[in-house]
Amino acid sequence: MTRMRIRIDFESGGSIGPGKIALLEQIRDTGSISAAGRALGMSYRRAWLLVDDLNRIFSEPVVSAAVGGKHGGGTVLTAFGEQVIDHYRAVEREAHVATAHRLAALAAGTNPDYGTDSRVDDGSFANDPAVGPGCGPDK
């Protein structure tokens with residue numbers, strides 16, 4: 001299936017994309033940065049750095065620490081964090097609707113055998129007959 005990935009780059013230099021949004025959704029679902037990171041196959045440090053970046057990108061926090069209790073603390077998505085997810089997912093849906101015919105046209109023109117070839121191009125030109133000796137990266 002052909003799909004499109006959206007990354008939004010802000011003038012400030014910050015950005016949001018599918019990874020940060022998935023992290024926010026996991027935090028919402030698990031109530032924990034570490035559990036969210038584990039669910040996405042990333043370290044706690046990486047997840048924490050992404051959350052910190054998100055909280056700095058926006059003028060309001062997207063997540064906040066939950067007060068401890070009998071189940072301990074954790075992390076909760078703020079109402080603004082929910083809005084960020086909602087806006088991003090809406091942008092994805094609207095972009096997909098607006099470009100579906102173009103995506104279909106591009107998909108129709110793809111090589112069905114692409115990716116099935118066991119030969120991998122390592123970028124070295126080592127097996128390229130058009131490149132003479134002494135032209136590789138080690139020369």
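## Exercises around glutamate 25, a pocket and a strand pair

The side chains of glutamate 25 and arginine 89 make a polar contact at 2.8 Å (N or O atoms within 3.5 Å, one able to donate a hydrogen and the other to accept it; residues adjacent in sequence count only if both atoms are side-chain atoms). This is a predicted model, where local features need pLDDT of at least 70 and side-chain atom pairs pLDDT 80 or more, while totals for chains, interfaces and linings use all residues. Residues are numbered from 1 along each chain, and side-chain values use heavy atoms, leaving out hydrogens and water.

**Exercise 1.** Place glutamate 25 and decide: is glutamate 25 buried or exposed?

*Solution.*
- Start with the helix: glutamate 25 lies in H1, residues 18–30 (helices are DSSP runs of H or I, at least four residues; strands are runs of E, at least two; both numbered from the N terminus).
- Next, accessibility: glutamate 25 counts as buried because its relative accessibility is 17% (buried is under 20%, exposed over 50%, partly exposed in between, with a 1.4 Å probe and protein chains only).
- Finally, neighbours: leaving aside residues up to four places away in sequence, glutamate 25 touches Ile85 and Arg89 (heavy atoms within 4.5 Å).

**Exercise 2.** Describe how strand S4 is paired and which of its residues are covered.

*Solution.*
- First, the partner: S3 (residues 63–66) runs antiparallel to S4, joined by four bridges (pairing needs at least two DSSP bridges).
- Then find a facing pair: serine 64 stands opposite valine 76.
- Last, sort the faces of S4 (residues 74–77): Thr75 and Leu77 are on the covered face, Gly74 and Val76 on the uncovered one.
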